[in-house]
Amino acid sequence: MTAIPSARILGAPFASQLKSLSTHSTIGSSSASTCFFRDRVRVRVSPDFVGGVRMGSTPSEATAPVPAEDVLVQYVVLRRDLVDAWPLGSVVTQGCHASVAAVWSHKDDPYTVDYCSPTNIDSMHKVTLEVKGETQLSNLSEKLRAGGISHKLWIEQPENIPTCLATKPYPKSMVSSFFKKLKLCK
């Protein structure tokens, strides 16, 4: 890893910004944020990278290197029985509730910060899958909990019906194995 370039390259007006960045960041991988200074110098920085290792919210995440090509993804899982029985808009709304709740609940997590950064906000990756019904959704939630995967099981109120779940953003390689047997929601 290389230190961020000196302020004289970027010009005096940006020296204070650079100084604060250089004390907390190193040049990261392609998943890092991109900063443009006067459209002349492109610097890729990510405050959650330390010594080439992405820092996470759990010990296993903090020690696991994340390959540069590993995309951050959020998984949303809907119940097929509700897709067939409820209006489509109602089911989509349930997925939106779970997705926003998962992101907000982990708003300070380094992966979530990176996922929602101005650089990545227009290129978020979500995978929407389906399970047959409530039992399968509950089983998946328990499997994720046991595997240490942070997620939100959305329970519609006042009916108290588990309708869907969404993970917080993770590198795809860390979570895809939990979802490999599920089908894309169609």
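How many aromatic pairs does the count come to in this structure? In this predicted model, the count comes to two aromatic pairs, and both can be followed through the fold once its elements have been set out.

The protein chain has eight helices and 10 strands, and buried residues make up 40% of its 186 residues. Among the contacts with a separation of 6 or more, 64% are between residues 24 or more positions apart.

Helix 5, which covers residues 88–105, has 18 residues that should span 26 Å at 1.5 Å a residue, and its end C-alpha atoms are indeed 26 Å apart, which agrees. Its buried residues include Val91, Gln94, Ala98, Ala101 and Ala102, and what covers the buried residues of helix 5 includes strand 5 and helix 4 as well as helix 6 and strands 6, 7 and 8.

As for the aromatic pairs, the rings of Tyr75 and Phe179 have centres 4.2 Å apart and planes at 10 degrees, so this pair is stacked, the cut-off for stacking being under 30 degrees. The pair links distant parts of the chain, since Tyr75 lies in strand 5 and Phe179 in the loop between helix 8 and strand 10, 104 residues apart; Tyr75 and Phe179 are both buried. The rings of Tyr111 and Tyr170, with centres 6.3 Å apart and planes at 50 degrees, form a tilted pair, and because Tyr111 lies in helix 6 and Tyr170 in strand 9, the pair ties together parts that are 59 residues apart in sequence. Tyr111 is buried, with a relative accessible area of 0%, and Tyr170 is buried with a relative accessible area of 0%.

Lys168 lies over the face of Tyr170, at 3.9 Å from the ring centre, while the charged end of Lys107 sits over the ring of Trp104, 4.3 Å from its centre.

How values were computed:
Residues numbered from 1 in each chain as written. Predicted model: local features only at pLDDT ≥ 70, side-chain atom pairs only at ≥ 80, totals over all residues. Heavy atoms only, no water. Helix = DSSP H or I, 4+ residues; strand = E, 2+ residues; numbered from the N terminus. Buried < 20%, exposed > 50% of the residue type's maximum accessible area, 1.4 Å probe, protein only. Contact = heavy atoms within 4.5 Å. Expected span 1.5 Å × (residues − 1). Phe/Tyr/Trp six-rings, centres within 6.5 Å; stacked < 30°, edge-to-face > 60°. Lys NZ or Arg CZ within 6 Å of the ring centre and 35° of its normal.
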